[in-house]
Protein chains: 2
Amino acid sequence: MISSTVENYLKRIYLEQQTDPKALVPMGKLAAVMQVVPGTATAMVKTLADSGLLEYEPRGGIRLTAGGEQLALHVLRRHRIIELFLVNHLGLDWSEVHAEAETLEHAVSDKVLERMDTLLNHPRFDPHGDPIPPAKGRMPTESWIPLPAVPAGQRAQIAQLSDQDPAFLQFIERNALTPGTEIYVASYDPQADAVTLNVPDGSHITLGGAAAEKIMVRLGRVSQCGTRVP
Amino acid sequence: MISSTVENYLKRIYLEQQTDPKALVPMGKLAAVMQVVPGTATAMVKTLADSGLLEYEPRGGIRLTAGGEQLALHVLRRHRIIELFLVNHLGLDWSEVHAEAETLEHAVSDKVLERMDTLLNHPRFDPHGDPIPPAKGRMPTESWIPLPAVPAGQRAQIAQLSDQDPAFLQFIERNALTPGTEIYVASYDPQADAVTLNVPDGSHITLGGAAAEKIMVRLGRVSQCGTRVP
DNA sequence: TCTCCTTTTTTGAGTTATCAAAATAATTGG
DNA sequence: CCAATTATTTTGATAACTCAAAAAAGGAGA
């Protein structure tokens, strides 16, 4: 039986890996995201390597094996389906479901998960726009760019929010910037570190660079299938 | 933070206590139901006593304190609401939800639990007929008797099944003996160790004493409010 | 009352996951 | 190229939970 601690390590390593797929994940980074001291990460990584879940290059870094990645994706699938279920079926606020799913992802059985998946109609994205790993098959590749990379005068669609902080997500919701929203980038001034957008309801809003960087968009009016927050 | 191990001990102790409320729960019994060696139970009981969750009489037995009982009831409430939610909202079979709830009861937050409770319309009984401890206030007292205690010729209503084994529960369902069912006790022969019942659909069935003992009933046609398996 | 048997407690040890702090390796600027 | 800094690993401890097996306490029957 695989412990929830191990599940968390695998999930985190996978997510770190995605930020730079060719590089090894450094131990310091892993320790930081797992909120443990470096020595703890080293110890855990050794046991994970012994279990064949990752490759460990001492003083170099780590990389998940195919087996490790499969387990990580399974955890991620649980996490994201649970998030969506909590929003769509239990009426929780999307800003709080991340924290709930952190715990539930280790407790929900495959059977219960597949029921949720069916009830949700096999969704492709979670409430924050993150793709839900399919039960079998490869992870879909996403082509997102951060909002500040969109040239002024372009249309785009909000795809994903890469910060799960409830306060940030509530801000996003208050300003109708949830995934799926079509926006128009009115201006981007690198000097002022400011992006101004028009949103469908007619209003416009100006964001600083730090906030804009957390908003991932798809250029043009690509249609995105899958359930998401209205 | 209270560990799920501790939650399980408290829950089990509470349930054992109920079988004979005036007596202390013996250590051997606790070890048996927790499936640990006696020494483990002793060690855990000492820490629980130090935390003020139970009273421990060495070589005598244990009894939950008010605080311990409150925590136990909280766990039991989670367990039973989750069971009902899994049956009514996720369509799981009632014979399998006990096992699922054993894990989920330690992972579901109060917020999620109260959403389930609301969605279920504040049910009073779980799928097996066990009363759901209220969020606040005392546990309702049930007046059940085992099926063999019903005199022949009497009507009764099935109240609860005191065995969570999926095979037994599937048998119960196949024979339409789920909680809420009105039955008529046609005969009871202690010598033959057999009870024969008539069920609403017109058929009748004969049970051995061991199976009949696991079926708790309410005499007469008392109406039981609360959601249950159809 | 005095063994024998059962129950319970104690003792010693193992596992998993963690931290603190010392030791070591790698990198980087002068 | 070397010293200083930074990253990583090692070492020694701890907490929670567990088991195995020895020791102790309580009966119950002769």
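Okay, quick definition before anything else: when I say a residue is near a strand, I mean that one of its heavy atoms lies within 4 Å of that strand. Keep in mind, too, that what you have on screen is a predicted model.

So, DNA strand C. What do the atoms of DNA strand C within 4 Å of the protein belong to, mostly sugar and phosphate or mostly bases? Sugar or phosphate takes 82% of them, and the rest belong to bases. On the protein side, 19 residues surround DNA strand C, and both chains show up among the closest: Ser3(A) and Thr40(A), then Gly28(B), Lys46(B) and Tyr56(B).

Let me go through some of the phosphate contacts. Ser3(A) has a side-chain N or O atom 2.5 Å from a phosphate oxygen of DNA strand C. Tyr9(A) also uses its side chain, with a polar atom 3.1 Å from a phosphate oxygen of that strand. Gly28(B) does it through the backbone: an N or O atom there sits 2.7 Å from a phosphate oxygen of DNA strand C.

Which elements build this surface? From chain A, α1 (4-19) and α3 (38-50) each supply at least two residues, and so do α2 (27-34) and α3 (38-50) of chain B. The largest share, four residues, comes from α3(B). If you sort the surface near DNA strand C by class, you get nine nonpolar, seven polar and three charged residues.

Now over to DNA strand D. Here 19 residues surround the strand, and the closest are Gly28(A), Lys46(A), Tyr56(A), Ser3(B) and Thr40(B). Of the atoms of DNA strand D that come within 4 Å of the protein, sugar and phosphate account for 82%.

Some distances for this strand as well. Tyr56(A) puts a polar side-chain atom 2.3 Å from a phosphate oxygen of DNA strand D. For Thr42(A), the distance from a polar side-chain atom to a phosphate oxygen of DNA strand D is 2.9 Å. And from chain B, Ser3(B) has a polar side-chain atom 2.6 Å from a phosphate oxygen of DNA strand D.

In terms of elements, α2 (27-34) and α3 of chain A, plus α1 (4-19) and α3 of chain B, each give at least two residues to the surface near DNA strand D. Here α3(A) has the largest share, with four residues. The class split for this surface is nine nonpolar, seven polar and three charged.

Right, leaving the DNA, let's talk about how the two protein chains meet. There are 18 residues of chain B in contact with 18 residues of chain A. The area buried between them is about 1,500 Å², and carbon and sulfur atoms give 66% of that.

How many salt bridges are there between chain B and chain A? Two. One I can point you to is Glu96(A) with Lys111(B), at 2.8 Å, N to O. Across that interface there are also six residue pairs in polar contact, both partners at pLDDT 80 or more. On the chain B side, the elements giving two or more residues are α4 (66-88), α5 (97-104) and α6 (110-119). The largest share of that side is from α6(B), with five residues. Split by class, the chain B side has 10 nonpolar, four polar and four charged residues.

Stepping back to salt bridges overall, the structure holds 24 over all chains. Lys11(A) and Glu102(A) form one through their side chains, at 3.0 Å, N to O. This pair links distant parts of the chain: Lys11(A) is in helix α1 of chain A and Glu102(A) is in helix α5 (residues 97-104), 91 residues apart.

Last topic, confidence. Chain A has a mean pLDDT of 92, with 96% of its residues at 70 or more. Where does pLDDT stay under 50 in chain A? That would be residues 222-230, for which the model has 24 contacts beyond four places in sequence. Where pLDDT is low, the predicted coordinates shouldn't be read in detail. So please keep that caution in mind for the contacts of residues 222-230 of chain A, where pLDDT stays under 50.

Conventions
Residues are numbered from 1 along each chain as its sequence is written. Chains are lettered from A and ligands numbered from 1 in the order in which they are written. Side-chain values use heavy atoms; hydrogens and water are left out. Contact means heavy atoms within 4.5 Å. Buried area is the accessible area (1.4 Å probe) that two parts lose on being put together, summed over both. A salt bridge is a side-chain nitrogen of Lys or Arg within 4 Å of a carboxyl oxygen of Asp or Glu. A polar contact is a pair of N or O atoms within 3.5 Å; within protein, one must be able to donate a hydrogen and the other to accept it, and residues adjacent in sequence count only if both atoms are side-chain atoms. Ala, Val, Leu, Ile, Met, Phe, Trp, Tyr, Cys and Pro count as nonpolar, Asp, Glu, Lys and Arg as charged, and the others, Gly among them, as polar. pLDDT is the predictor's confidence in each residue, from 0 to 100.
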